[in-house]
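Reader: Please give me a close look at a single part of this model. Which residues are tucked away there, and what do they meet?

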Amino acid sequence: MNLKRILSIALVSGVLMTGTIACKSKISDADLKAKVETAITANPNVTVDVKDGVVTLNGTAASDDEKLQIENAVKAADSKGVKSVVNNIVVNTAPPVEINTNDADLTAKVSEFTKDFPSVKTAVVDGVITVTGELEQARVQALKMGLDALNPKKVDMSGLIIK
């Protein structure tokens, strides 16, 4: 009878110890998010979400290497707390648009482009194209897109009357 009792007590003790070890405290999602955000502060274009230890990254990076470095920094922030990383970061591969501020060049290009818009007048000053005159609603978007494609500082169409 004593042997049964001792075995029962040993079994209950073993189960309690195993349960206590398995239930060691986990880091909360909010704390993990704070750690991860601190680890990637050099990347303001990246946002962090954490759910049940799964870290989701959204935003942009300049290169594939930067994207991978951000993911590695997240994993290193808390290797036990981060269960996995969902890396939705998009790599920006487009070169920056160079603004054309050469008034003579812009004037020539604007003149060439607007020859199909005879009711429109344009002026170029300090890289800003100012549009006046009248134009049908159906053609306004084509005019705006064409002038924007010349990469001026700005296209001012506030003086344009739309029919």
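Author: What follows starts with helix 3 and then moves outward from it.

This is a predicted model, so local features need pLDDT of at least 70 and side-chain atom pairs count only at pLDDT 80 or more, while totals for chains, interfaces and linings use all residues. Residues are numbered from 1 along each chain as its sequence is written, and side-chain values use heavy atoms, without hydrogens and water.

Helix 3 covers residues 64–77, which is 14 residues. (Helices are DSSP runs of H or I with at least four residues, strands are runs of E with at least two, and both are numbered from the N terminus.) From first C-alpha to last, helix 3 reaches 20 Å, close to the 20 Å expected at 1.5 Å a residue. That expectation is 1.5 Å times one less than the number of residues.

I70, E71 and V74 are buried in helix 3. Viewed down the axis of helix 3, its buried residues fall within an arc of 95°, so they line one face. The arc is taken from the directions from the helix axis to the C-beta atoms. Buried means under 20% relative accessible area, exposed over 50%, with partly exposed in between (1.4 Å probe, protein chains only). An α-helix has 3.6 residues a turn, so residues three or four places apart point the same way. D65, Q69 and A76 sit on the other side of helix 3 and are exposed.

What does the buried face meet? The buried residues of helix 3 pack against helix 2 (29–39), strand 1 (46–51), strand 2 (54–61) and strand 3 (84–91).

Take helix 2 from that list. L32 is found there. L32 counts as buried, at 0% relative accessibility. Its C-alpha is 9.7 Å from that of V74, though the two are 42 residues apart along the chain. Leaving aside neighbours within four places in sequence, L32 is in contact (heavy atoms within 4.5 Å) with I27, V50, G53, V55, D78, G81 and V82.

Now the strands. Strand 2 and strand 3 run parallel and are joined by 8 bridges; pairing needs at least two DSSP bridges. N58 stands opposite N88 in strand 3. Strand 2, helix 3 and strand 3 make a right-handed β-α-β unit. Right-handed means that, with the strands pointing away from the viewer, the path from the first strand over the helix to the second runs clockwise.

Further along, strand 5, helix 5 (residues 137–148) and strand 6 also form a right-handed β-α-β unit. Strand 5 and strand 6 (residues 154–162) run parallel over 7 bridges, with E134 partnered by I161 in strand 6. Strand 5 also has an antiparallel partner: strand 4 (residues 120–125) pairs with strand 5 (residues 128–135) over 6 bridges. Strands 4 and 5 form a hairpin with 2 residues between them, and D126 in the turn has a positive phi of about 55°.

F117 lies in the loop between helix 4 (103–113) and strand 4. F117 is buried, with a relative accessible area of 5%. Beyond neighbours within four places in sequence, F117 is in contact with L135, R139, A142 and L143.

Finally, the setting. The chain has 5 helices and 6 strands, in the order α-α-β-β-α-β-α-β-β-α-β. Buried residues make up 25% of its 163 residues.
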